Each structure stands twice: as structure tokens, then as C-alpha cells.
Amino acid sequence: LILFLLFAYGFFYQISSSEFWPITISKTWFDLSNFEYSMLQKPLFSLFLSLWHLIPLTDVFHIYIIKAIFTIFGILGLWVFAKFLLEISKLKQKKIYLGILLITLVLSSPILLTNFFRIRTDQITFLLFSSFLYYNYLKKFKASFVFLILIPLVSVKGVLFLIPATYLLCVNYKDYLLKLKKIYKIYIVLVFLSVVVWAVGLNMHALTYLYDTYSNMVFPNLTLKYVLKTEFIFIFCSIISSVYFIVKSNKKFAPYAYVSFYFLIVTLAL
């Protein structure tokens, strides 16, 4: 019932103008003379959107079918993340707690209520990162590594997730990685380097622009003020619990506490 209510809410939520743009330009994958190179910053995202132009759909139906799919992506991301939280907490009767946790996360977060069910890369990135957290905790290396590599291919912003994900991967698979053959270690390093080079190469102008204009930015800006104000309870609880687990040197939760601090710093910086 909760999943159905979340889908209904996301599907009928207002469509923003920013959702039309990626759908429109994605069709240029089939028109190389007018190809929009900014799509290479979100290759899997834009490729997925482009496939729907191959089907003869009316504009309205086209929008709504994609909106339905991305609503499902958003719900799946929340569902997998909730499953990870319940798995690591070792709570029994997980089906009951899963529903309570899902509805609590959504209703208590204005950011999720207003943005999470839109046609954006955020939902897919969150779904992939949550899947990585879940399978990484279950110590399923291959699945963890696949989700880790897919994250930046959805959107270049996903590179920000590579640092904490790589850290957690090394924490959980330290012994496994040390036992790998040298050639496999080289392959893994090359994959990571190729992703980093791709991300930096495509965004060199954006990075230099950020460097040149960062000092002139108003800090904190309106978006950051809104996030800090509306998500204050989550942020406060996260900081307190993270400090506790780090001070106690809890081997199970301390790595995730460091990841939590990383994302807090990234949020404040960007």
C-alpha cells in the first residue's frame, strides 16, 4: 500500500520545465549533425531517454510514461536504501519496519517530497549507490563493483560517490583485494582511472569556471540555507550518531559514519 501511495504521489506530482529539456535533447543521439555534447556528461541517462523516441508516442504519453518509470526508480532507490538500513541494524520483522521507514523518510524530508520523483539522474544515482551499499554490506564483491562503476556513467556528478564507495569497498574487501592476482588489480585501477579521466576531460571548462568564480559565490546560498533548514533534524541526528560511532571505534558503523561526514562536507562545499 505504501509503495502504491508513493507511486501515485510521484506520478501525479507536477512536471517541471527542467524535465522537458533532457527528454528533448536526447533525440539527438540519432542526429549526429545536431548532437548535443553535454549528453556525454550523462551518457546512460540520456541514452535511456533517447530510446523512447524510437517508439511512436504522443508528446503527452511520452512524458508520462517516462515520468512513471523514473517514479519507480525513485521508489526502488528508497526501498533498497531502507533494506540496507534494516539489514545493518539487524531488526526482525523487516517487512513491517520497511514500510514505516519508507514513509518516514519521504514525509519527513521536504527535499524528497519536492525533487525525488522527477525525471532526473538523482533517482538512478541514489538507486545504484543504495544497491552498492546493500551488496557491499552482504560482501558480494562482483555486484558491488558493477554498481560502483555504473554510478558515474549515469551522470558525471556520480564521481562524487566514487570516493566513499571505494573507501567502503576497501574496508569490506581488504583481504579479498590483497589476494587478487596482480593483473586483476591492474584492471581495477585502469577502470577507475578511465572513469576519472573521462569525468575530468568532459568537465575541464566547468572546473576552471568553478575555480574562477568560487570566491565570488554567496555562502551559504539560498539552496544550501533551504537544505540546512528543512533537513536539520536528519543532519543533526547524523552528526551525533556519526561522532558516537567514531569515538567508540565501532568497526561495523564507523566506516559509514566517515561516509556520512564526507557527504555533509560535500553538501556544504557545493
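In which helix is L133 found? Select L133 and you will land in helix 7, which covers residues 121-137; keep in mind from the start that what you have open is a predicted model.

**The whole protein**

Before looking closely at that residue, show the entire protein as a cartoon, where you can find 15 helices and 0 strands. Of its 270 residues, 37% are buried, and if you switch on a surface, the exposed area comes to about 16300 Å², with carbon and sulfur atoms supplying 73% of it. Among contacts between residues at least 6 apart in sequence, 69% join residues at least 24 apart, and the stop at L133 offers a place to look at contacts of a single residue.

**L133 and its surroundings**

Return to L133 and display its side chain: its relative accessibility is 6%, and because buried means under 20%, L133 counts as buried. Leaving out neighbours within four places in sequence, the residues to select around L133 are F81, F84, L168 and Y256, each of them in contact with L133. Then pick K83 as well, which is 50 residues away from L133 along the chain, although the C-alpha atoms of the two are separated by 10.0 Å.

**Helix 7 against helix 8**

Next, add helix 8, residues 141-154, to the selection that already holds helix 7. Two packed helices are described by the angle between their axes and the distance between the axes. The axes of helix 7 and helix 8 come within 8 Å and cross at roughly 160 degrees, and since angles over 145 degrees count as roughly antiparallel, that is how helix 7 runs relative to helix 8. The crossing of these two helices is left-handed. To see the contact itself, show side chains on both sides, including I124, L128 and F132 of helix 7 and F147, L148 and I151 of helix 8.

Stay with helix 8 for a moment and colour its buried residues, which are F141, S144, F145, L148, I149, I151, P152 and V154. A distance between the end C-alpha atoms of helix 8 gives 21 Å, which agrees with the 20 Å that its 14 residues should span at 1.5 Å a residue.

**Helix 4 and its partner**

Now move to helix 4, residues 59-89, whose 31 residues should span 45 Å at 1.5 Å a residue, in agreement with the 45 Å between its end C-alpha atoms. Just after helix 4 comes K90, where phi is positive, near 60 degrees.

With helix 4 still shown, select helix 3, residues 43-51: the two axes come within 11 Å and cross at roughly 140 degrees, and helix 3 and helix 4 are therefore oblique to each other. Helix 3 passes helix 4 in a right-handed crossing, and the contact is made by F45, F48 and L49 on the side of helix 3, with I66, I69, F70 and F73 on the side of helix 4.

**S242 and the last pair**

For the final stop, select S242 in helix 14, residues 232-247. Is S242 buried or exposed? With a relative accessibility of 4%, S242 counts as buried, and, apart from residues up to four places away in sequence, it touches A257, S260 and F261.

Add helix 15, residues 254-269, whose axis comes within 8 Å of that of helix 14 and crosses it at roughly 140 degrees, an angle that makes helix 14 oblique to helix 15. Helix 14 passes helix 15 in a left-handed crossing. Residues of helix 14, including I235, I239 and S242, meet residues of helix 15, among them A257, F261 and L264.

Terms used. Residues numbered from 1 in each chain as written. Predicted model: local features only at pLDDT ≥ 70, side-chain atom pairs only at ≥ 80, totals over all residues. Heavy atoms only, no water. Helix = DSSP H or I, 4+ residues; strand = E, 2+ residues; numbered from the N terminus. Expected span 1.5 Å × (residues − 1). Buried < 20%, exposed > 50% of the residue type's maximum accessible area, 1.4 Å probe, protein only. Contact = heavy atoms within 4.5 Å. Areas by Shrake-Rupley, 256 points an atom, 1.4 Å probe, with all protein chains shown as cover. Axes fitted to C-alpha atoms, helices over the stretch in contact; angles between N-to-C directions. Parallel < 35°, antiparallel > 145°, perpendicular 65-115°, else oblique. Left-handed = near helix turned anticlockwise from the far one by under 90°.
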